[in-house]
Amino acid sequence: MPKYICLKCSKEFDESQLAVMMAIRCPYCGYRVIVKSRSGEIKILRAG
Ligand SMILES: [Zn+2]
């Protein structure tokens, strides 16, 4: 399962936590720039 990392607070969370938010956004601080980390591959996701 891919992990997501918030660029602002650097907390890690997973896809199920994003689904709860119904948006690409950090569940801890609400920041909208998230890094998707999957087996060494890093991808930056920006909402809006
Ligand atoms: Zn955050």
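A single salt bridge is present in the structure, which is a predicted model. The partners are E12 and K3, whose closest N and O atoms lie 3.2 Å apart. E12 is partly exposed, with a relative accessible area of 43%, and K3 is likewise classed as partly exposed, at 43%. E12 belongs to strand β2, which spans residues 12–14, while K3 sits on the uncovered face of β1 together with I5. The other face of β1, formed by Y4 and C6, is covered.

Strand β1 is a good place to start a tour of the strand pairing. On one side, β1 and β2 run antiparallel and are joined by three bridges; here Y4 stands opposite F13 of β2. The two strands form a hairpin with five residues between them, and within this hairpin S10 adopts a positive phi near 65 degrees. β1 also runs antiparallel to β3, with four bridges joining the two. In this pairing, I5 faces V35 of β3.

From β3 the pairing continues to β4, a strand made of residues 41–46. These two strands are again antiparallel, and six bridges connect them. K36 stands opposite K43 of β4, so to speak a lysine facing a lysine across the pair. The hairpin of β3 and β4 has two residues between its strands, and S39 in the turn shows a positive phi of about 45 degrees. R38 is also a residue of β3, and it is partly exposed, with a relative accessible area of 49%. Although R38 and P2 are 36 residues apart along the chain, their C-alpha atoms are separated by 4.8 Å.

Attention now turns to the metal site. The zinc ion is coordinated by the SG atoms of C6, C9, C26 and C29, at 2.3 Å. The angles subtended by the four donor atoms range from 105 to 118 degrees, and the arrangement is therefore tetrahedral. For reference, the ideal angle for four tetrahedral donors is 109.5 degrees. Along the sequence, the donor residues follow the spacing C-x2-C-x16-C-x2-C. C6 is located in strand β1 (residues 3–6), whereas C29 lies in the loop between α1 (15–21) and β3 (33–38), so this pair ties together parts that are 23 residues apart in sequence. The two cysteines can also be described by their accessibility. C6 is buried, with a relative accessible area of 2%, in keeping with its place on the covered face of β1. C29 counts as partly exposed, at 38% relative accessibility.

The loop that carries C29 also holds Y31, again between α1 and β3. Y31 is partly exposed, with a relative accessible area of 34%. Together with L7 and I44, Y31 makes a nonpolar surface patch of about 280 Å². Of these patch members, I44 falls within β4 (residues 41–46).

Conventions:
Residues numbered from 1 in each chain as written. Predicted model: local features only at pLDDT ≥ 70, side-chain atom pairs only at ≥ 80, totals over all residues. Heavy atoms only, no water. Donors = N, O, S within 2.8 Å, 3.2 Å for Na, K, Ca; no water. Tetrahedral: all angles 85-135°; square planar, octahedral: opposite > 155°, others 65-115°. Buried < 20%, exposed > 50% of the residue type's maximum accessible area, 1.4 Å probe, protein only. Pairing = 2+ DSSP bridges. Salt bridge = Lys/Arg side-chain N within 4 Å of Asp/Glu carboxyl O. Patch = residues over 30% accessible without salt bridge, like charges linked within 9 Å, V, L, I, M, F, W, Y side chains within 5 Å. Areas by Shrake-Rupley, 256 points an atom, 1.4 Å probe, with all protein chains shown as cover.
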